[in-house]
Amino acid sequence: MLRYMTSGESHGPQLTAIVSGLPAGLPVRAADIDRDLHRRQGGYGRGGRMAIEHDVVRIVSGVRHGFAMGSPITLIVENRDWKSWQAIMSAEPVEDVEGKRAVTRPRPGHADLAGIQKFAHTDARNILERASARATTTQVAVGALCKALLAEFGIRVGSHVTELGHIKVSPELIASLSLDEIERRVEASELRVADPSLEAEMKRLIDSVKADGDTVGGVFEVIATGVPSGLGNVMNWDERLDGRIGQAFMALQAIKGVEIGLGFEGARRPGSEAHDPILYSEHSADWPEGHGPSGGFYRKTNGAGGIEGGMSNGEPIVVRAAMKPIATLMRSIQSVDFATRQPFDASKERSDVCAVPAAAVIGESLLAIVLAQAFLEKFGADSLVELKRNYEGYIESLG
Ligand SMILES: Cc1cc2nc3c(=O)[nH]c(=O)nc-3n(C[C@H](O)[C@H](O)[C@H](O)COP(=O)(O)O)c2cc1C
């Protein structure tokens with residue numbers, strides 16, 4: 001069973017993840033994790049924090065000589081900013097109340113108010129330090145391990161931004177591009193968009209909302225290719241792959257909607273145009289791009305986004321998520337001070353103006369984690385050698 005837990009505050013000394021259940025013998029390289037940590041920090045429209053932090057992982061358990069040992073893997077990412085926050089975030093009592101920099105003014109759109117009420121705090125810093133998307137750093141590190149596992153079986157996970165504010169990449173353009181071409185374009189783009197002609201317009205939008213003290217959200221898509229049919233489980237609601245993907249994506253900070261395949265668009269179509277005809281060919285040349293092992297069965301279209309009945313069906317898994325605009329603005333939003341009960345204009349603070357490209361990279365990690373969990377459930381093994389044997393036996397059984 002693949003499990004993980006993360007800990008760490010945004011301005012604490014470090015972020016930590018403990019991952020248990022990865023098979024022994026899995027090649028693990030810190031450089032692969034660092035590559036994704038770096039991708040998470042990028043994107044046009046990020047705030048000052050990302051200029052301070054240059055995340056690198058330290059692997060302190062579970063890996064020896066470049067291979068997973070089968071024991072829990074502990075990953076640590078240090079917060080460089082911690083130096084300026086030692087008194088404010090001190091684990092030991094601090095005399096100087098000023099030094100604690102208490103936050104009594106809850107920011108709309110954040111966890112601040114519900115959090116202080118729930119935990120009986122008077123200082124919202126005790127909430128916001130953990131509510132921050134900084135916590136996703138460790139999820140990305142865990143996701144990189146899961147990507148390494150999936151790659152052993154030809155499964156790849158990528159992402160791109162499909163909408164930024166009102167600007168939308170044409171779905172027809174995306175459909176006309178190979179997955180390799182989308183990846184090439186996206187990795188060369190500061191906004192992870194596959195249509196270079198829209199990039200300048202999107203940057204102008206970010207610049208103009210920033211000049212207005214405002215922020216902007218968007219939509220991103222995550223695609224997993226090479227996924228075999230049969231991951232997830234139709235038999236129990238909480239084992240369904242679509243449900244687990246929905247949970248993982250909805251739990252990401254600022255995500256307010258998730259679609260799989262056609263998603264909401266499917267609801268607008270008649271059934272005859274929403275479902276994917278089943279075809280069969282023994283020749284891999286006939287199978288659609290990104291198709292995974294499924295015994296020669298494939299779909300003419302992929303409106304289902306690679307999942308039917310809560311199980312992968314061999315087609316690429318396609319997930320989209322809608323990110324709300326960042327809630328911390330340079331212009332004010334009305335709020336009420338928790339201590340004095342007096343109204344105030346919520347703090348005008350420097351933060352990200354747009355973090356949709358970063359959220360897309362985090363989305364890759366979330367999908368990789370859910371797929372790796374479902375993969376290990378189906379082919380469960382203690383070592384990579386055993387896992388490959390189980391996987392190959394299943395693929396053979398598909399015919
Ligand atoms: C990659 C990423 C970066 C974010 N950066 C910021 C930020 O700089 N400022 C901010 O106010 N919110 C930011 N957010 C969003 C908040 O973390 C989130 O809106 C807040 O914790 C409330 O949670 P909720 O929106 O899920 O309700 C970011 C989210 C993500 C995914």
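Colleague: A polar contact is a pair of N or O atoms within 3.5 Å. With that settled, how far is the backbone N or O atom of A131 from an oxygen atom of the ligand?

Modeller: This is a predicted model, and in it that distance is 3.4 Å. The pair therefore falls within the 3.5 Å limit for a polar contact.

Colleague: And the nitrogen side of the ligand: which side chains have an N or O atom there?

Modeller: Those of S351 and D352. An N or O atom in the side chain of S351 is 3.3 Å from a nitrogen atom of the ligand. For the side chain of D352, the distance to a ligand nitrogen is 2.9 Å.

Colleague: How much of the ligand's accessible area does the protein cover?

Modeller: On its own the ligand has 630 Å² of accessible area, and the protein covers 84% of that.

Colleague: How many residues surround the ligand, and which are the closest?

Modeller: There are 18 around the ligand, and the closest are H110, A254, K324, T328 and D352. D352 is also the residue with the 2.9 Å distance to a ligand nitrogen.

Colleague: What classes are in that shell?

Modeller: It has 10 nonpolar residues, 5 polar ones and 3 charged ones.

Colleague: Back to A254. Where is A254 in the chain, and is A254 buried or exposed?

Modeller: A254 is in the loop between helix 10 (241-250) and strand 10 (255-260). Its relative accessibility is 18%, and buried means under 20%, so A254 counts as buried.

Colleague: What about its phi?

Modeller: The phi of A254 is near 75°, which is positive although the residue is not glycine. Most residues other than glycine have a negative phi.

Colleague: What is the phi of R341, and where does R341 sit?

Modeller: R341 has a phi near 60°, also a positive value in a residue other than glycine. R341 is in the loop between strand 16 and strand 17 (343-345). At 57% relative accessibility R341 is exposed, because the cut-off for exposed is over 50%.

Colleague: New topic, helix 6. What span should helix 6 have, and what does the model give?

Modeller: Helix 6 covers residues 136-151, which is 16 residues, and at 1.5 Å a residue they should span 22 Å. The C-alpha atoms at its ends are 22 Å apart, so the two agree.

Colleague: How many residues of helix 6 are buried?

Modeller: 14 of the 16, so helix 6 is mostly covered. K147 lies in helix 6, and K147 is buried at 17% relative accessible area.

Colleague: A buried lysine, then. What does K147 touch?

Modeller: Not counting residues up to four places away in sequence, K147 touches D36, R39, V157, E364 and A368.

Colleague: Now helix 10. Which of its residues are buried, and what covers them?

Modeller: The buried residues are L241, R244, I245, G246, A248 and F249. What covers them includes strand 9 (218-225), strand 10, strand 13 (307-308), strand 14 (311-312), strand 15 and helix 13 (356-379).

Colleague: Which residues does V370 of helix 13 contact?

Modeller: Leaving aside neighbours within four places in sequence, V370 is in contact with L241, R244, I245 and A248. V370 itself is buried, at 5% relative accessibility.

Colleague: Why might L241, R244, I245 and A248 all reach V370?

Modeller: An α-helix has 3.6 residues a turn, so residues three or four places apart point the same way.

Colleague: Change of place. Where is H291, and which side chain does H291 join in a polar contact?

Modeller: H291 lies in the loop between strand 11 (278-280) and strand 12 (297-299). A polar contact of 3.0 Å joins its side chain to that of E315. H291 counts as buried, at 13% relative accessibility. Among the residues H291 touches are G226, F297 and Y298.

Colleague: Last one, R331. Where is R331, and what lies by its side chain?

Modeller: R331 is in the loop between strand 15 (317-323) and strand 16 (334-336). A polar atom of its side chain lies 3.0 Å from the backbone oxygen of D212. R331 is partly exposed, with a relative accessible area of 41%.

Methods. Residues numbered from 1 in each chain as written. Predicted model: local features only at pLDDT ≥ 70, side-chain atom pairs only at ≥ 80, totals over all residues. Heavy atoms only, no water. Near = heavy atom within 4 Å. Polar contact = N/O pair within 3.5 Å; in protein donor to acceptor, adjacent residues only side chain to side chain. Areas by Shrake-Rupley, 256 points an atom, 1.4 Å probe, with all protein chains shown as cover. Nonpolar A, V, L, I, M, F, W, Y, C, P; charged D, E, K, R; others polar. Helix = DSSP H or I, 4+ residues; strand = E, 2+ residues; numbered from the N terminus. Expected span 1.5 Å × (residues − 1). Buried < 20%, exposed > 50% of the residue type's maximum accessible area, 1.4 Å probe, protein only. Contact = heavy atoms within 4.5 Å.
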